[in-house]
Amino acid sequence: MPHYVDLHAHYLPALDDGATDPAMSLQMLRAIAALGFSELFATPHQRAGMFMPERAAIDRAFEAAQAQAVEVDLTAKLGLGAENFWDAVLLQRLRDRTVPSYGGGPAFLFEIPNQLMPPNLENELFDLRVGGMLPVMAHPERYAAIQRDISLAEKLGRHAALMVDLGALDGAHGKAEMKTARRLVLEGLATAAASDIHRPADQTSVAAGMAWIRKQRGPAALDRLLDQNPRRLLSGDLPEAGEA
Ligand SMILES: [Fe+2]
C-alpha cells in the first residue's frame with residue numbers, strides 16, 4: 001500500500017516554476033503517487049519579487065487540483081503548504097503568525113539563499129521552536145555554507161527539520177548537492193526527504209533517490225524519511241538527528 005508523505009512539490013499549476021497547466025499537474029500527481037506516496041503536499045513558492053501568488057489564487061488552484069484528483073479517482077490525498085523564501089515577507093508573517101504552513105499547523109517549509117546563510121539563523125530557528133512553530137528547511141544540500149561545513153547542518157538540525165530533495169541524491173541538482181545530500185542521509189542528519197517535483201520528468205530522479213536510500217540505508221530508513229518523520233513533522237514533533 002502506498003504510505004509515503006511528500007512534503008515538497010510544485011504541482012499546483014501556473015503559480016510558480018512548477019506545473020504550467022492542470023494536465024501537467026495531474027501527470028505530476030500520478031508520477032509521485034506511482035512511487036508509493038499516499039499524501040501529496042503542494043508547496044508553491046512564496047518569494048518576494050519572484051513568485052508571490054496570492055492566498056486566494058493558491059486556494060483556488062488547490063481546490064481545482066482536489067476536484068480533478070477526485071474526478072480521475074486518484075487515491076492519494078492532497079495537502080497544502082508553501083515554500084517560504086527567507087525574506088522580509090516571511091519574517092513579517094512569522095511575527096504576525098500568518099505564515100502559510102502545512103495545513104495551517106505548526107510546521108512550515110522554508111528555503112534560504114544558496115550562497116548566503118541569513119545571519120543569526122540558528123537563534124531565529126530556536127526562537128521559532130520556543131514559540132511553538134516547526135521550521136522545515138528545504139534542500140539543505142543546496143546551501144554553500146552546509147556544503148562547506150556539514151557540522152552546520154547538525155547545529156541547525158537541533159531547531160529545524162532538514163528535508164533533502166530525493167533527486168539531489170541522484171545528482172539531479174549538481175555534484176556538490178549530491179555529495180552533501182548523501183552525507184546528510186548517511187550521517188543521519190536528514191530528518192526527511194521529498195520530491196520537490198517541478199515537472200513530470202522529475203519522477204525518474206526522485207525514484208532513483210529513493211532507490212539510493214533503500215540500497216544504502218535499508219527500507220526502514222526509507223520509511224523513516226518518507227513516512228514516519230514527515231508525519232511527526234506535520235504534528236509538530238521534531239525527530240532528533242540520528243533518529244532519522
Ligand atoms: Fe521547491
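Which residue of S7 does Phe108 stand opposite? The partner is Pro135, and this pair is a convenient way into the model. The structure is a predicted one, in which local features need pLDDT of at least 70 and side-chain atom pairs count only at pLDDT 80 or more, while totals for chains, interfaces and linings use all residues. Residues are numbered from 1 along each chain as its sequence is written, and side-chain values use heavy atoms, with hydrogens and water left out.

Helices (H or I, at least four residues) and strands (E, at least two) are DSSP runs, numbered from the N terminus. Two strands pair if DSSP finds at least two bridges between them. S6 and S7 do so in the parallel sense, over four bridges. Buried is taken as under 20% relative accessible area, exposed as over 50%, and partly exposed as in between, with a 1.4 Å probe and protein chains only. Strand S7 (residues 134–138) has five of its five residues buried, so it is largely enclosed by the rest of the structure. From S7, Leu134, Val136 and Ala138 point one way, and Pro135 and Met137 the other way.

Met137 also appears around Leu162, a residue of strand S8 (residues 161–165). Contact here means heavy atoms within 4.5 Å. With neighbours within four places in sequence left aside, Leu162 is in contact with Met137, Pro140, Ala153, Gly157, Leu189, Ala190, Thr191 and Ala192. Leu162 is buried, at a relative accessible area of 0%. Its C-alpha atom is separated by 20 Å from that of Gly79, 83 residues apart along the chain.

A further set of strands forms an open sheet of three, in the order S1-S2-S4 and with parallel pairing. S1 and strand S4 (77–80) are the edge strands, each pairing on one side only. Direction ignored, neighbouring strands of this sheet are turned by 20° against each other on average. Strand S1 (residues 4–6) pairs with S2 over three bridges; Val5 has Glu39 as its bridge partner, and Asp6 stands opposite Leu40. Strand S2 (residues 37–42) is mostly covered, with six of its six residues buried.

H10 packs on this sheet and touches S1 and S2, its direction making about 65° with that of S1. Axes are lines fitted to C-alpha atoms, for helices over the stretch in contact, and angles run from 0 to 180 degrees between N-to-C directions. The axes of helix H9 (residues 203–217) and helix H10 (residues 219–234) come within 7 Å and cross at roughly 130°. That makes H9 oblique to H10, as angles under 35 degrees count as roughly parallel, over 145 as roughly antiparallel, 65 to 115 as roughly perpendicular and the rest as oblique. Met210, Ile213, Arg214 and Arg217 of H9 meet Pro219, Ala221, Leu222, Arg224, Leu225 and Leu226 of H10.

Helix H3 (residues 88–96) has a polar contact at its start (a pair of N or O atoms within 3.5 Å; within protein, one must be able to donate a hydrogen and the other to accept it, and residues adjacent in sequence count only if both atoms are side-chain atoms). There, a side-chain oxygen of Asp87 reaches to within 3.1 Å of the backbone nitrogen of Val89. Just after H3, Arg97 takes a positive phi of about 60°. Ser101 lies in the loop between H3 and strand S6 (107–111) and is buried, with a relative accessible area of 10%. The Ser101 side chain reaches the backbone nitrogen of Gly104 at 3.5 Å. Not counting residues up to four places away in sequence, Ser101 touches Leu80, Gly81, Ala107 and Phe108.
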